[in-house]
Amino acid sequence: MSASAASHPIKFIDQVFAVDGSVTPDRLHELKAAGVKSVLSVAGETSDDPCFVEGYEALVGLFPAGCVAHVPIQLSPMPAEFGNDNSKLQYPWQAVTTYRKFADALDRLPRPTAIFCKSGRRAGAVLAAYHGVRNRLTREQVHQFAADNHMTYTGSAGFVNWVDTVVEALAPLNPLIFRQLFESKSSTYTYLLADAVTKEAILIDPVVDTAERDAQLIRDLGLTLKYGLNTHVHADHITGTGKLKELLPGSQSVIAEISTAKADVHVRDYDAITFGSRRVYAVRTPGHTVGCLSFVLDDASAVFTGDALLIRGCGRTDFQGGSAETLYESVHVKLFQALPDSTHVYPAHDYKGQTQSSIGEEKRLNPRLTKSKEEFVEIMNNLNLARPAQIDVAVPANLVCGLY
């Protein structure tokens with residue numbers, strides 16, 4: 001596929017996609033005349049970006065509202081050398097969250113769709129990954145698909161690496177079993193996730209008072225509990241991970257290494273916790289406490305935010321190493337900027353009967369986190385909240401994961 005000529009034939013891939021590197025007015029009219037109903041631009045956002053292309057503005061006038069999307073994200077290749085283990089762990093998570101932003105745009109655009117960038121390479125990489133994930137292809141099959149369609153991204157090791165990483169992370173995923181459970185005394189949500197084929201399961205933020213209920217549900221569904229995950233050392237209830245180890249032998253407790261709490265497994269930033277073909281990534285989001293984690297589902301469709309991000313709110317920052325400044329940065333950088341707007345947000349608590357939100361909703365509607373950092377800090381430093389009723393019992397118990 002030519003990167004610049006406006007006269008080469010338009011070739012549709014999978015009957016509904018065209019990859020292009022030319023956005024001259026003539027080429028745009030050719031695309032529309034060929035039946036293209038929508039366009040996804042993955043070109044740079046500003047003229048300072050090396051991947052910026054002239055002509056993007058013309059799309060808005062040429063195609064109807066809702067038929068043009070712009071996702072100006074660089075496809076970062078895996079670094080040749082890693083500075084530390086965390087940077088190596090971080091790459092698959094970044095590749096997947098980036099892919100989800102492209103895929104969300106493609107899913108909502110009417111077909112046929114043209115994907116374009118400056119050269120056609122990045123557009124081809126996006127389509128190859130999308131095709132591979134949707135059709136559950138192996139890396140080798142995606143390579144063949146790219147070769148059959150003469151995709152020029154294959155000349156870039158960085159783009160090939162990005163496509164391979166996305167396909168290997170997402171294409172083999174089995175269906176997910178998901179349950180949201182509630183403990184009324186502390187208004188805590190517990191989340192059960194399981195691979196529907198292998199039956200391996202995890203529980204996020206179980207509570208000791210409802211551990212028997214959780215264990216019975218796991219037995220009823222024929223699941224094997226592999227891990228009980230704690231988003232942080234809770235102050236308002238005792239975790240159920242210790243009790244669950246007694247009820248379901250073989251399960252292990254998990255918590256952030258930096259929390260200093262005892263557990264079977266300690267995790268660091270971007271560590272992956274695997275159950276069957278599925279996984280969640282442990283993403284550090286400190287601020288409520290120093291050891292807070294958010295768990296991002298493997299396909300970036302959901303994030304379990306603990307007390308860092310609540311529905312139209314956030315956790316307090318006045319004890320256990322909390323910091324309003326740190327929490328603001330954690331939420332904005334690790335969640336709002338990193339995750340797609342479509343990612344479902346599942347918090348550890350809600351006090352108004354709401355069960356879930358989304359990254360996009362919270363970016364627009366969260367009354368605290370839509371403020372400037374300075375305003376947010378001022379709000380958090382003047383909440384004057386009562387001391388949690390169970391803190392003197394809960395924190396010591398949770399420092400050993402509720403009996404470890």
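## Salt bridges, a helix and two cores

Asp318, with a relative accessible area of 47%, is partly exposed, a class that lies between buried (under 20%) and exposed (over 50%), as judged with a 1.4 Å probe and the protein chains only. The model is predicted, so local features need pLDDT of at least 70 and side-chain atom pairs count only at pLDDT 80 or more, whereas totals for chains, interfaces and linings use all residues. Residues are numbered from 1 along each chain as its sequence is written, and side-chain values use heavy atoms, with hydrogens and water left out.

**Exercise A.** Find the residue whose side chain meets Asp318 in a salt bridge, and state whether this residue is buried or exposed.

*Solution.* Begin with the criterion: a salt bridge needs a side-chain nitrogen of Lys or Arg within 4 Å of a carboxyl oxygen of Asp or Glu. The side chain of Arg316 satisfies it, with 2.7 Å from N to O. Then turn to accessibility: Arg316 has a relative accessible area of 15% and is therefore buried.

**Exercise B.** Locate the two ends of the salt bridge between Arg312 and Glu361 in the chain.

*Solution.* First confirm the pair, whose side chains meet at 2.9 Å, N to O. Next place each residue: Arg312 is in the loop between β15 (302–306) and α9, while Glu361 belongs to helix α10 (residues 359–365), so that the pair, 49 residues apart, links distant parts of the chain. Here helices are DSSP runs of H or I with at least four residues, strands are E runs of at least two, and both are numbered from the N terminus. Finally, compare accessibility: Arg312 is partly exposed at 27%, and Glu361 is partly exposed at 27% as well.

**Exercise C.** Compare the span of helix α9 with its expected value, and list residues of α9 that are buried.

*Solution.* Helix α9 covers residues 324–337, 14 in number. The expected span is 1.5 Å times one less than the number of residues, which gives 20 Å, and the 18 Å from first to last C-alpha is close to this. Among the buried residues of α9 are Leu327, Tyr328, Val331, Leu335 and Phe336.

**Exercise D.** Name the residues that touch the most other members of the largest nonpolar core.

*Solution.* Such a core is a set of buried Ala, Val, Leu, Ile, Met, Phe, Trp, Tyr and Cys residues joined through side-chain atoms within 4.5 Å. The largest has 45 residues, and Leu40, Tyr99, Tyr153, Trp162 and Val163 touch the most other members. Apart from it lies another core, of 23 residues, which includes Tyr328 and Val283.
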